[in-house]
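Trainee: I should like a close look at one part of this model, followed outwards to whatever surrounds it. Please state the criteria behind each term as you go.

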Amino acid sequence: MMSFKSEFLRTLSERGFIHQISDETGLDDLFAKETVTAYIGFDPTAPSLHAGGLIQIMMLHWLQQTGHRPIALMGGGTGMVGDPSFKDEARKLMTLDTIAANIASIKRVFANYLTFGEGAKDAVMVNNADWLAPLNYLEFLRDVGRHFSVNRMLSFDSVKLRLERDQSLSFLEFNYMILQAYDFVELSKRYGTRLQMGGSDQWGNIVNGIDLGHRMGTQQLYALTSPLLTTASGAKMGKSLSGAVWLNPDMLSAYDFWQYWRNTEDADVGRFLKLYTTLPLDEIARLAALGGSEINEAKKVLATEVTAMLHGRENAEQAAETARKTFEEGALAESLPTVEVAKSELEAGIGILSLFVKAGLAASNGEARRQVQGGAVRLNDEPVSDDRRGVTVADLTAEGVVKLSMGRKKHVLVRPV
């Protein structure tokens with residue numbers, strides 16, 4: 001990869017964000033001489049993004065930190081269609097109300113990474129429904145559709161893979177790449193946007209936008225993609241054993257978010273510190289070089305720094321302290337995740353397996369039973385060997401809760417109400 005003169009591309013390159021650029025020299029020259037507006041699109045398929053989308057948010061963060069203007073594009077219009085890229089089947093269609101509610105919920109996270117406002121370098125959040133919803137279909141076919149070759153669209157990996165697996169690709173989904181290309185042209189006209197960024201699976205869609213812009217008379221447009229990240233063992237980023245690692249605090253607590261990063265594999269620590277924190281590179285190099293048990297200190301730094309950006313420094317440090325008390329002192333930390341159960345249930349007695357499922361520590365009674373048999377289950381820090389054991393009010397601690405533990409790192413307090 002070339003040596004960049006612009007601070008933005010140099011930062012992205014040094015930290016491992018760059019997979020492909022459509023014209024490295026042209027884009028570097030552009031960033032070196034003027035304030036550039038760039039965007040990334042986000043699909044409102046759920047009320048929250050998950051940790052897999054953090055790499056894109058961090059790219060926008062560095063864009064602004066190096067003096068340029070980020071646009072976070074919410075796919076209120078394209079969300080009605082659904083991105084078919086590398087999916088085995090069509091996404092379930094969402095109602096307009098669901099899409100609107102998801103966008104409102106997702107928005108809250110971005111303020112932790114970007115500064116929004118009216119200034120030249122202030123971030124902007126835009127909804128593509130603003131221009132896609134009012135489109136006249138016949139005019140759109142005539143003015144935009146004529147620039148697309150079906151032969152070329154069929155050649156994109158995202159489409160080819162779907163067809164090779166004999167999975168049907170609906171006409172609705174086939175239109176997605178046209179709409180995404182049109183977004184780039186529209187953002188170029190409205191905001192002077194010159195660059196679209198995204199994951200490497202979006203390369204074909206982004207290049208389509210560059211080509212459409214050229215045919216429709218925009219300024220030269222550019223593409224930059226990041227690598228699709230997996231962990232060292234091949235797991236997909238943003239997924240944990242208990243499900244998606246959500247960014248919204250009402251869907252995943254600061255403590256659970258901190259724990260996800262604390263459990264990073266040794267081989268990923270240096271890479272994740274570069275991608276997901278703003279620590280200086282020399283400090284990251286020092287942490288990544290730690291060996292043996294010392295690497296755990298680097299993991300705690302990673303977890304605290306990533307959590308501080310999303311949840312605030314105070315919540316991150318509280319999560320770190322909760323973990324320290326729980327693991328190092330064996331104390332009952334009141335800030336552990338808590339689930340409430342009816343006091344009458346405890347008075348009657350709840351089966352240990354059912355309680356672990358209710359607490360979210362196991363997906364089923366069968367899984368909980370296997371964990372009991374494997375010696376991984378503890379009640380109030382005492383090992384449980386009987387999978388038929390009942391939990392009653394007699395098990396409440398002095399603090400009036402029951403502490404459930406699965407392995408060394410997963411703990412939940414059960415509180416009767």
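**One strand pairing and its surroundings**

Mentor: Strand 2 and strand 5 (residues 195-199) run parallel to each other and are joined by two bridges. The model is predicted, with local features requiring pLDDT of at least 70 and side-chain atom pairs counting only at pLDDT 80 or more, whereas totals for chains, interfaces and linings use all residues. Numbering starts from 1 along each chain as its sequence is written, and side-chain values rest on heavy atoms, with hydrogens and water left out. Helices (H or I, at least four residues) and strands (E, at least two) are DSSP runs numbered from the N terminus, and two strands pair if DSSP finds at least two bridges between them.

Within this pairing, Y39 has Q196 of strand 5 as its bridge partner. Both strands belong to an open sheet of six strands, ordered 1-6-5-2-3-4, in which the pairing is mixed. Its edges are formed by strand 1 (20-21) and strand 4, each of which pairs on one side only. Helix 11 (residues 203-215) packs on this sheet and touches strand 1, strand 5 and strand 6 (222-226). The direction of helix 11 makes about 170° with that of strand 6; such angles run from 0 to 180 degrees between N-to-C directions, with axes fitted to C-alpha atoms, for helices over the stretch in contact.

W203 belongs to helix 11. Setting aside residues up to four places away in sequence, W203 touches Q20, I21, S22, A223 and T225, where contact means heavy atoms within 4.5 Å. W203 and T225 are 22 residues apart along the chain, yet a distance of 6.6 Å separates their C-alpha atoms.

To return to strand 2 (residues 37-42), T37 lies in it. T37 has a relative accessible area of 6% and is therefore buried; the term means under 20%, with exposed meaning over 50% and partly exposed in between (1.4 Å probe, protein chains only). The side chains of T37 and R69 are joined by a polar contact of 3.0 Å. Such a contact is a pair of N or O atoms within 3.5 Å; within protein, one must be able to donate a hydrogen and the other to accept it, and residues adjacent in sequence count only if both atoms are side-chain atoms. Beyond its neighbours within four places in sequence, T37 is in contact with R69, I71, Y191, G192, T193, R194 and L195.

Strand 2 also meets helix 4 (residues 96-110), whose buried residues pack against strand 2, helix 3 (54-65), strand 3 (69-74), strand 4 (124-127) and helix 15 (295-311). The buried residues of helix 4 are I99, N102, I103, S105, I106, V109 and F110. An α-helix has 3.6 residues a turn, so residues three or four places apart point the same way. Helix 4 has 15 residues and spans 22 Å from its first C-alpha to its last, close to the expected 21 Å, a figure obtained as 1.5 Å times one less than the number of residues.

Helix 15 includes H311, which is buried because its relative accessible area is 13%. Apart from residues up to four places away in sequence, H311 touches L247, P249, L252, S253, A254 and F257.

The packing may also be read through the nonpolar cores. In soluble globular proteins, nonpolar side chains tend to be buried together. The largest nonpolar core contains 69 residues, and L224, W261 and Y276 have the most contacts inside it. Helix 3 supplies the largest share of this core, eight residues. A second, separate core has 29 residues, including Y39, I178, L187 and I206. A core here is a set of buried Ala, Val, Leu, Ile, Met, Phe, Trp, Tyr and Cys residues joined through side-chain atoms within 4.5 Å.

L224 also leads back to strand 5: with neighbours within four places in sequence left aside, its contacts include L195, Q196, M197 and G198, besides I21, L27 and M59.

A contrast is offered by K189 in helix 10 (residues 176-191). K189 is exposed, because its relative accessible area is 52%. K189 and S155 lie 34 residues apart in sequence and 28 Å apart in space, C-alpha to C-alpha.
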